[in-house]
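Hi,

Here is the structure I promised to pass on. Have a look at it first, and then read my notes underneath.

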Amino acid sequence: MSVNALNYIRFWGVRGSYPAPFGSHMRVGGNTSCVELRVDGHLLICDGGSGIIPLGNSLMAQQNIKEVTIILTHYHWDHISGLPFFVPAFVPGWKVNIYGPGDNQQDIERCISGQMRDPYFPVEVENWMADVNYLKSKNSQLEYGPFRIETFNVHHPGSTFGYRIHVHGKTIVYASDDELSFIDQSIENRRDELEPQEFELIKAMQEEEREHSLDMIRNAHVFIHDAQYTPEDYAKKRGWGHSCYIDTANFAIDANIKQLYLFHADPNYDDTKIENLHRETIKLIHERGSNMDCYIAREGFVVDIDKL
Amino acid sequence: MTDKMPTIVVVDDSATSISLYQFSVEPLAVNFIGFKSPAEAIPYLQEHQPDLLFLDIIMPGMDGLSLLRHLRSFAHQKDTPVIMVTSKDYDQDRSVAKQLGAVAFLIKPLRFKEIRDIVCKHVDIKLK
């Protein structure tokens with residue numbers, strides 16, 4: 001897929017937790033979360049992990065775009081660690097809009113600037129010479145150029161957002177960090193204690209919550225979601241805030257997703273392991289009789305939005 | 001419902017969860033009010049101080065911890081006993097809840113008796 005396509009999604013960082021610049025990981029990629037959406041000359045960036053560094057460098061090599069909007073899912077390091085090295089923020093004449101979880105714009109600035117204070121970094125956000133604006137949403141919605149963005153809360157430590165992005169009649173959902181089946185196991189663990197009436201109500205509550213979650217992603221053309229673990233690893237890492245790929249695939253099928261991208265690859269998984277995990281996901285999709293397409297989110301991969 | 005009975009308020013986007021709480025406290029002499037979102041709850045909580053407030057965390061729009069932070073900015077809500085009840089069992093959320101003065105952080109699912117017991121622990125009430 002060539003980047004000469006005018007309107008596209010491009011993966012600049014797909015790895016979770018920490019960068020994985022190892023030879024065995026290069027087919028999938030080693031940078032942490034960063035996804036670019038470029039439509040009608042407007043640039044929307046999902047997360048500022050280390051993948052935003054090469055994105056920023058590529059922006060300095062062109063002259064047409066001088067404004068970006070960065071939407072952050074949360075402030076864990078793997079989602080903000082590239083921001084101190086995002087060159088456009090340091091260049092006069094650029095405009096950088098930033099949005100993320102927080103009670104107000106000052107909160108967002110505080111969360112961003114904290115990692116750039118002594119002793120953690122030698123250059124503070126006050127040295128950003130671009131026109132930097134911290135955005136406020138209205139009723140959990142933002143608009144930027146052709147993009148209409150809705151935020152929703154996901155299942156991850158701290159305030160963490162997923163984003164439902166509408167552009168050119170297409171819907172793209174980005175939920176990089178999300179633990180899907182936590183409550184299912186919590187209910188299963190207490191199953192034997194529950195009286196029948198309690199169990200009926202709790203099951204109804206579980207189904208209602210699942211439907212609420214499905215409503216956030218339903219019918220999306222592209223769904224980029226946490227698929228960090230195998231079932232074996234998820235059994236050991238339940239409560240770490242990430243999903244097993246099986247839960248992600250089933251969730252996406254139930255939501256009638258057109259294209260699923262398995263995202264937030266575990267840094268301990270090499271290319272072969274992730275490609276095996278992808279094959280298992282394809283098998284599951286076929287077993288469920290679904291037509292959903294499923295891809296590994298790979299660094300450098302480009303999706304033509306208008307052809308979705 | 002009388003003015004002398006304590007008021008229990010629940011904010012949870014699941015109507016079934018609200019029913020579960022309501023069913024649990026039915027034997028108790030309390031007033032019960034449920035709201036399905038922070039946006040619905042805030043106008044009431046700006047004017048009234050409940051005797052006990054249960055907050056879900058993952059809700060549409062403002063999450064439960066942000067709602068709690070917002071409520072603590074009201075003078076009459078600074079000491080309201082608040083219980084977080086959530087499907088999210090993460091240390092980061094527990095820590096924030098504790099900093100905001102939540103009296104308990106409970107993980108769903110809860111049983112009827114567990115809800116009744118925690119209400120009786122934090123509110124002086126009688127059985128009907």
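**Charges over rings**

A:Arg238 sits over the face of A:Phe182, 3.9 Å from the centre of the ring. Keep in mind that this is a predicted model. A second arginine does something of the kind: A:Arg10 lies over the face of A:Trp12, and here the figure is 4.2 Å from the ring centre.

**Around A:Trp12**

A:Trp12 belongs to strand 1 of chain A, residues 8-13. Is A:Trp12 buried or exposed? A:Trp12 counts as buried, because its relative accessibility is 10% and the cut-off for buried is under 20%. If you skip the neighbours within four places in sequence, A:Trp12 touches A:Asn31, A:Cys34, A:Glu36, A:Gly51, A:Pro54, A:Leu55, A:Ser58 and A:Glu299. For a sense of scale, A:Ser186 is 174 residues away from A:Trp12 in sequence, and their C-alpha atoms are 35 Å apart in space.

**Sheets in chain A**

Chain A has an open sheet of 7 strands, ordered 7-8-9-10-11-12-13, with mixed pairing. At its edges are strand 7 (141-144) and strand 13 (293-296) of chain A, each of which pairs on one side only. On average, neighbouring strands in this sheet are turned by 20° against each other, ignoring direction.

Inside that order, strand 10 (residues 170-175) and strand 11 of chain A run parallel and are joined by 4 bridges. If you want a spot to zoom in on, A:Ile172 stands opposite A:Val222 of strand 11 of chain A.

Two helices lie across strands of chain A. Helix 5 of chain A crosses strand 8 (147-153), strand 9 (161-167), strand 10 and strand 11 of chain A, and runs at about 40° to strand 9 of chain A. Helix 7 of chain A lies across strand 11 and strand 12 (259-263) of chain A, at about 155° to strand 11 of chain A.

Elsewhere in chain A, strand 3 (residues 42-46) runs parallel to strand 4 of chain A, with 3 bridges between them. A:Cys46 is opposite A:Ile71 of strand 4 of chain A. Strand 4 of chain A (residues 67-71) is mostly covered, with 4 of its 5 residues buried.

**The sheet in chain B**

Chain B has an open sheet too, built from 5 strands in the order 2-1-3-4-5, with parallel pairing. Strand 2 (31-35) and strand 5 (104-107) of chain B are at the edges and have a single partner strand each, so one side of each lacks a neighbour in the sheet. Neighbouring strands of this sheet are turned by 20° against each other on average, direction ignored.

Strand 4 of chain B (residues 82-86) runs parallel to strand 5 of chain B, and 4 bridges join them. B:Ile83 has B:Ala104 of strand 5 of chain B as its bridge partner.

**Aromatic pairs**

How many aromatic pairs does a search of the whole structure find? Over all chains, there are 17. One of them is A:Phe223 with A:Phe251, a tilted pair at 6.2 Å centre to centre with 55° between the planes. It links distant parts of the chain, as A:Phe223 is in strand 11 (residues 222-226) of chain A and A:Phe251 is in helix 7 (residues 245-254) of chain A, 28 residues apart. A:Phe223 is buried at 0% relative accessible area, and A:Phe251 is buried at 4%.

In chain B, the ring centres of B:Phe23 and B:Phe112 are 5.0 Å apart with the planes at 45°, so this pair is tilted. B:Phe23 is in helix 1 (residues 15-25) of chain B and B:Phe112 in helix 5 (residues 112-122) of chain B, so the pair ties together parts 89 residues apart in sequence. B:Phe23 counts as partly exposed at 39% relative accessibility, whereas B:Phe112 counts as buried at 10%.

There is also a cluster in chain A, where ring pairs link A:Phe11, A:Tyr174, A:Tyr261, A:Phe263, A:Tyr295 and A:Phe301.

**Where the two chains touch**

The axes of helix 5 (residues 196-217) of chain A and helix 1 of chain B come within 8 Å and cross at roughly 155°. That makes the two helices roughly antiparallel. From helix 5 of chain A, the contact is made by A:Gln197, A:Leu201, A:Ile202, A:Ala204, A:Met205, A:Glu208 and A:Glu209. Helix 1 of chain B contributes B:Ala15, B:Thr16, B:Ser17, B:Leu20 and B:Phe23.

Cheers

Definitions and conventions:
Residues numbered from 1 in each chain as written. Chains lettered and ligands numbered in written order. Predicted model: local features only at pLDDT ≥ 70, side-chain atom pairs only at ≥ 80, totals over all residues. Heavy atoms only, no water. Pairing = 2+ DSSP bridges. Axes fitted to C-alpha atoms, helices over the stretch in contact; angles between N-to-C directions. Phe/Tyr/Trp six-rings, centres within 6.5 Å; stacked < 30°, edge-to-face > 60°. Buried < 20%, exposed > 50% of the residue type's maximum accessible area, 1.4 Å probe, protein only. Lys NZ or Arg CZ within 6 Å of the ring centre and 35° of its normal. Parallel < 35°, antiparallel > 145°, perpendicular 65-115°, else oblique. Contact = heavy atoms within 4.5 Å.
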